[in-house]
Amino acid sequence: MSYMFEVYYKVPSDLRKEAELTHKLLRLGGRLTFREDADEYGSASLCLTYEFDDLSLAETAAESLRQQGEHVEGPVDYGP
């Protein structure tokens, strides 16, 4: 079973921010599994999907990002 959450931030793309988020979440047991660009669907935000093997780690990581002001949706069950 895996769990995921999505982090949204407004354009323009900020590769430094994404690298910092990914580095932090790697230490908390997550991995970046998908990046959706803003222009692909006419959205004003980018979406980064992070996947975790453990729900409690996903919840801890999501709350940590929320506390630093990030927009996080989830975590949710992502399936086997």
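Where is Tyr 8 found? In this predicted model, Tyr 8 sits in strand S1. With a relative accessible area of 26%, Tyr 8 is partly exposed, because that value falls between the 20% that bounds buried and the 50% that bounds exposed. Leaving out residues up to four places away in sequence, Tyr 8 touches Ser 45, Leu 46, Cys 47, His 71 and Glu 73. As for spacing, the C-alpha atoms of Tyr 8 and Glu 36 are 9.6 Å apart, with the two positions 28 residues apart along the chain.

Strand S1, residues 2-10, also carries Phe 5, and that brings in the aromatic residues. Two aromatic pairs turn up in the structure. In one of them, Phe 5 and Tyr 50 meet in a tilted arrangement, with 6.1 Å from centre to centre and 45 degrees between the planes. This pair ties together distant parts of the chain, since Tyr 50 belongs to strand S3 (residues 45-52) and lies 45 residues away from Phe 5. Both Phe 5 and Tyr 50 are buried. Ring pairs join Phe 5, Tyr 50 and Phe 52 into a cluster. Tyr 50 has plenty of other company: setting aside neighbours within four places in sequence, its contacts include Tyr 3, Met 4, Val 7, Glu 18, Leu 21, Thr 22, Leu 25, Arg 31 and Leu 32.

The aromatic cluster leads on to the nonpolar core. The largest such core has 16 residues, and the members that touch the most other members are Phe 5, Val 7, Leu 25, Tyr 50, Phe 52 and Leu 65. Two or more residues of this core come from each of S1, H1, S3 and H2. Take Leu 25, which is placed in helix H1. Leu 25 counts as buried because its relative accessibility is 0%, and the cut-off for buried is under 20%. Apart from residues up to four places away in sequence, Leu 25 touches Phe 5, Gly 30, Tyr 50, Phe 52, Ala 61 and Leu 65. Leu 25 and Leu 65 are 40 residues apart along the chain, yet 9.2 Å separates their C-alpha atoms.

Next come the helices themselves. H1 packs with helix H2 (residues 55-67) at an angle of about 145 degrees, and their axes are 10 Å apart. The crossing of H1 and H2 is right-handed. On the H1 side the contact is made by Leu 21, Lys 24 and Leu 25, while H2 supplies Ala 61, Ser 64 and Leu 65. By type, the residues of this contact of H1 with H2 split into four nonpolar, one polar and one charged.

Two proline bonds deserve a mention. Most peptide bonds are trans. The bond from Val 11 to Pro 12, though, is cis, with omega near 10 degrees. Pro 12 lies in the loop between S1 and helix H1 (15-27). Gly 74 and Pro 75 are likewise joined by a cis peptide bond, here with omega of about 15 degrees. Pro 75 is part of strand S4 (residues 71-79).

The loop between S1 and H1 also holds Asp 14. Asp 14 has a relative accessible area of 33% and is therefore partly exposed, as that figure lies between 20% and 50%. The C-alpha atoms of Asp 14 and Glu 70 are separated by 14 Å, and the two residues are 56 apart along the chain.

Methods. Residues are numbered from 1 along each chain as its sequence is written. This is a predicted model: local features need pLDDT of at least 70, side-chain atom pairs count only at pLDDT 80 or more; totals for chains, interfaces and linings use all residues. Side-chain values use heavy atoms; hydrogens and water are left out. Rings of Phe, Tyr and Trp (its six-membered ring) pair if their centres lie within 6.5 Å; planes under 30 degrees apart count as stacked, over 60 as edge-to-face and the rest as tilted. Helices (H or I, at least four residues) and strands (E, at least two) are DSSP runs, numbered from the N terminus. Buried means under 20% relative accessible area, exposed over 50%, partly exposed in between (1.4 Å probe, protein chains only). Axes are lines fitted to C-alpha atoms, for helices over the stretch in contact, and angles run from 0 to 180 degrees between N-to-C directions. A crossing is left-handed if the near helix is turned anticlockwise from the far one by less than a right angle, and right-handed if clockwise. Contact means heavy atoms within 4.5 Å. Ala, Val, Leu, Ile, Met, Phe, Trp, Tyr, Cys and Pro count as nonpolar, Asp, Glu, Lys and Arg as charged, and the others, Gly among them, as polar. A nonpolar core is a set of buried Ala, Val, Leu, Ile, Met, Phe, Trp, Tyr and Cys residues joined through side-chain atoms within 4.5 Å.
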